[in-house]
Amino acid sequence: MSHPGHGHGHSHNLSEIPAVLSPIARWIVIVSLAVIGIGVVAGAVVLWPSNSDHAIPMQFRSADGGSIRAVDGQVVGQVRADCLNPLAGTAQDSAQFQIEGVTDLGPCIQSTVRIDSGDDEGRYTLLEVPTNRAQSGTEPGASTQSRGSPDQPQAGQPTLNTGDKLRLSVVPGPDGTPRYTFFDFNRTVPTLVWAFLFVAAITLVAAWRGFRSIIGLAFAFLVLGVFTLPAILDGESPVAVAVVSSAAILFVVLYLAHGVSLRTSSALLGTLMSLMLAGLLSWLAIDTMHLTGLSGDQTTNLQVYQGSISISGLLLAGFIIGTLGVLNDVTITQASAAFELAAAGESTRLGTFRAAMRVGRDHIASTVYTLVFAYAGSALPLLLLFSVAQQPFGSLITTDAVAVELARSFVGGIAIALSVPLTTVIAAALARPAGRARAAVAPTPAAPARTATRPETNRTTEARTTQAAPDTGRRRVRDHGTQQIEPVERPSSVVSTGRHAKIEDD
């Protein structure tokens, strides 16, 4: 039975659902995040590293058994000459070295380097880099040099130019005096420049929120360096450490960058739940595809260095941490879309969910491309080697090195697809649709000469009368004994909207 002032008998009960749902959803999210936060703190306390000293791996030891010592240097001159110069690596006061066989077609590149730090600061040393001309190519199995490459450094040798800033490793010579060899390029200044440009671009475009995201990124690296890596080296479970680290990073990064709000909380809860799903999917992928992670030299060296570390667990931890960024991107976008759509005029939470899912589908498509191409780009050298391996395509893509990257892509894509509806449901439950509130408080417009036609049986037509001029061309009609003004010169069209009708002027 209809109630006065309502379109039908059940409208009163349905209108109370949003008012009841929002507080319940709010408290569910708050309590869930509080429980997870307490668990993260407890996990960090239990897994906190002991900060004990660890032996230096063999590949990072110097000749005296300690860590590699490096000093700064800069290339100040180069010549082409014969190889095996006995002065290579020694330090002297003058930049003039005795070099024999100087010629434009010399098999070695002799680079004079000024030492800019360390005990021999201000002195000079000589670096010798062999080119492809130094290879005779006459021994069995020698490779034939490609055309145009004889003057290039041999594979694995650096390409040095005058003015390059270097890092030189210091090793003791046979007579006890220090010898200098190429260690790496000095990238301090270029790295700082690019870091400044990165921070400036993010801050200029995203303003204060962008700067807060940079602070959150610094916190993430702090967690990895202070907690994650030392805890794994202490022999703790890599999976447990990765889960605690990821959750701690998400709590700080999301609230710091986007502020403490229900919108951010919905994205955080969606990300944490999606992260758990990604962990489960990663475990299933590693187990069913029999991934070992031993195809990389770094993993093999780590296993030799400390056999107590679970390589499969380390691989799973890498999967979990690797999905952090892409899940964070998707979930915060979905939460923002749901809240903005609700504020823009969506009348129901179901309508908000459907509209946000349309945005999410587009986001899934673009993010999956980003994820797959990022992994493909990182594995490009390996793919090039496999392209000339003369092996069946099916055999190549199922090797451990390629299968690991494929599994990362598969797990990441599935986690992205599942995180979109999961986060959208949470955000839509927390958001308050503005369309319903506007409809509840909007006054009834006094539009003359308009009537609403209702399809219910035994309906009565409400009459609205206006004072008409003698020559307005309007006529009076009777409908079930009720007067009604009907315009003649401007016909109106009736548009059905569910159980009611809406009058629209042409």
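**A tour of the chain**

A207 sits in helix α2, which covers residues 188–233; helices here are DSSP runs of H or I with at least four residues, strands are runs of E with at least two, and both are numbered from the N terminus. The model is a predicted one, in which local features need pLDDT of at least 70 and side-chain atom pairs count only at pLDDT 80 or more, while totals for chains, interfaces and linings use all residues. Residues are numbered from 1 along each chain as its sequence is written, and side-chain values use heavy atoms, with hydrogens and water left out.

A207 stands out for its backbone: its phi is positive, about 60°, even though A207 is not a glycine. With a relative accessible area of 41%, A207 is partly exposed, the class between buried (under 20%) and exposed (over 50%), judged with a 1.4 Å probe and protein chains only. H290 shows a positive phi too, near 55°, and is likewise a residue other than glycine. H290 is found in the loop between α4 (262–288) and α5 (297–305), and its relative accessibility of 65% makes it exposed.

Back in helix α2, there is L197, which is partly exposed at 42% relative accessibility. L197 joins V189, V193, W194 and F196 in a nonpolar surface patch, whose accessible area comes to about 570 Å² together. Patch members have over 30% relative accessible area and no salt bridge (a Lys or Arg side-chain nitrogen within 4 Å of an Asp or Glu carboxyl oxygen); nonpolar side chains (Val, Leu, Ile, Met, Phe, Trp, Tyr) are joined within 5 Å, like charges within 9 Å.

Then comes α11, a helix of 31 residues running from 400 to 430. From first C-alpha to last, α11 reaches 44 Å, close to the 45 Å expected at 1.5 Å a residue, counted over one less than its number of residues. At S419, shortly before the proline P421, α11 has a kink of about 25°, taken as the angle between axes fitted to the seven residues ending there and the seven starting there. Most of α11 is covered, with 22 of its 31 residues buried.

Zooming out, the chain holds 12 helices and 10 strands. Of its 506 residues, 34% are buried. Looking at contacts (heavy atoms within 4.5 Å) between residues at least 6 apart in sequence, 65% join residues at least 24 apart. The chain exposes about 29800 Å², and 61% of that is supplied by carbon and sulfur atoms; such areas come from the Shrake-Rupley method with a 1.4 Å probe, and for residues only the protein chains shown count as cover.
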